[in-house]
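Visitor: I would like a close look at a single part of this protein. Please take one helix and the places around it, and explain the terms as you go.

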Amino acid sequence: MKYIVMDLEWNQSAYGRAGEHPRLPFEIIEIGAVKLDNKYRLESEFRELITPKIYRKLHHTIRNMLNYDEKELQRDGKPFKDVCKRFLDWCGEDSVFCTWGMSDLFYLQNNMDFYYMEKLPYPVKYYNIQQIYADKYDPNKTICKLEKAVEALNIPVLEPFHAAISDARYTAKVLQTARLGNIKDKYTLDIYQHPKRPEDIINERHANVIDYVSVEFPSRQTAMEDEGVSELRCPKCGRRITPKVQWFSNAQNTEVAGGRCFYHGYVQGRIRFRATDGSDDTVYAIKKITRTNKAGFESLKERQIELREKKKQKRHESEKRRAKARRTRRKTPSKKSAT
């Protein structure tokens with residue numbers, strides 16, 4: 001098994017939404033990666049610049065972060081398809097990706113899709129070193145920037161951040177230095193691709209987490225009526241749990257719930273809904289169930305009560321406005337009666 005510690009740099013429209021391509025919001029301009037063996041020893045490196053085809057001008061925020069500019073990209077860059085093919089060949093078959101964060105693999109596949117390249121083997125599993133590091137070193141499991149982790153681990157800063165190859169090297173150093181233990185079961189599922197058939201549904205319990213990715217549903221409500229989507233189970237033992245905090249909408253595309261396993265304590269479920277390509281209605285569900293503590297469970301319960309009271313207050317205010325409008329209409333004489 002080889003670990004491919006990768007990092008990408010990408011550009012976006014310098015003119016905001018008006019200049020954005022609908023199929024490619026972020027265009028990759030650099031791929032940097034480090035290949036480690038199963039004991040995290042360095043084997044080789046990969047680094048290539050990519051000539052942008054859609055966004056030739058760098059967004060001002062991105063230009064300020066990078067250590068190169070448009071001229072270097074045009075001079076030293078190569079076409080995305082050529083670079084990506086060489087990168088995947090370099091990775092080899094017996095390899096798994098590692099990243100600092102959750103975006104790189106998603107946007108790699110998005111760029112591959114844009115150029116109609118063959119998709120990565122599904123499902124795509126990878127190791128989010130940022131979250132694995134946070135799980136060990138932060139009591140609240142709050143993620144941090146790569147620079148902060150490098151500083152905390154006393155890793156020498158020998159090159160600037162925000163170039164793909166240097167960030168890949170630093171992420172590899174974190175993996176080598178942080179003593180994260182056996183990460184085999186601590187993988188994350190990338191959800192750029194999703195199940196199209198019931199037999200492809202993802203339902204995996206690993207490292208005290210349950211990951212579930214559904215097939216497509218015609219609506220969010222239909223999805224929540226599906227037992228596989230809405231059931232709550234203990235991520236430690238897999239036993240089914242009756243929610244003590246029923247599923248409720250915590251954000252525009254998110255549902256949360258909580259319960260308690262008799263043997264292993266409190267758990268929390270979170271479902272995110274993602275629209276399928278070309279549809280505002282058809283969705284698929286991405287559910288993650290994790291263990292929590294009593295404080296986390298009580299916080300979830302308080303959040304449900306808070307949102308319920310806000311809805312009640314909103315309804316009350318809406319009814320007051322409608323009643324006021326009715327009284328105004330009754331008091332205002334019509335044109336006919338006025339004449």
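Guide: What follows is a walk around helix 4 and its surroundings.

This is a predicted model: local features need pLDDT of at least 70, side-chain atom pairs count only at pLDDT 80 or more, and totals for chains, interfaces and linings use all residues. Residues are numbered from 1 along each chain as its sequence is written, and side-chain values use heavy atoms, with hydrogens and water left out.

Helices (H or I, at least four residues) and strands (E, at least two) are DSSP runs, numbered from the N terminus.

Start with the sheet. It is open and has six strands in the order 3-2-1-4-5-6, with mixed pairing. Its edge strands, strand 3 (42-49) and strand 6 (188-189), each pair on one side only. Two strands pair if DSSP finds at least two bridges between them. Strand 1 (residues 2-11) and strand 4 (residues 95-99) run parallel, joined by four bridges. Val5 stands opposite Cys98 in strand 4.

Helix 4 (residues 104-114) packs on this sheet. The helix touches strand 1, strand 2, strand 4 and strand 5 (125-128). Contact means heavy atoms within 4.5 Å. The direction of helix 4 makes about 70 degrees with that of strand 1. Axes are lines fitted to C-alpha atoms, for helices over the stretch in contact, and angles run from 0 to 180 degrees between N-to-C directions.

Now look at how covered the helix is. Ten of the eleven residues of helix 4 are buried, so it is largely enclosed by the rest of the structure. Buried means under 20% relative accessible area, exposed over 50%, and partly exposed in between (1.4 Å probe, protein chains only). Among the buried residues are Leu105, Phe106, Tyr107 and Phe114. Asp104 and Asn110 are buried too. The cover includes strand 1, strand 2, helix 3, strand 4, strand 5 and strand 13.

Next comes the loop between helix 4 and strand 5. Tyr116 lies there. Its phi is positive, about 55 degrees, although Tyr116 is not a glycine. Most residues other than glycine have a negative phi, and most peptide bonds are trans. At 68% relative accessibility, Tyr116 counts as exposed. Pro123 sits in this loop between helix 4 and strand 5 as well. The peptide bond from Tyr122 to Pro123 is cis, with omega near -5 degrees.

Two spaces involve the helix. On a 1 Å grid over the protein atoms alone, a cavity is a set of points where a 1.4 Å probe fits but cannot get out; a pocket is an open set with protein on both sides within 12 Å along at least five of seven lines; lining residues have an atom within 4 Å of a point. Grid points are joined across faces, edges and corners, and a volume is the space filled by probe spheres set on the points.

The largest pocket has a volume of about 1,400 Å³. Helix 4 supplies at least two residues of its lining. Strand 13 gives the most, six residues. Gln131, Asp135, Val209, Lys288 and Thr290 are the closest to the centre of the pocket.

The structure holds one cavity of 30 Å³ or more. The largest cavity has about 40 Å³ of space. Its lining includes Gln109, Met112 and Asp113, along with Met117, Tyr192 and Gln193.
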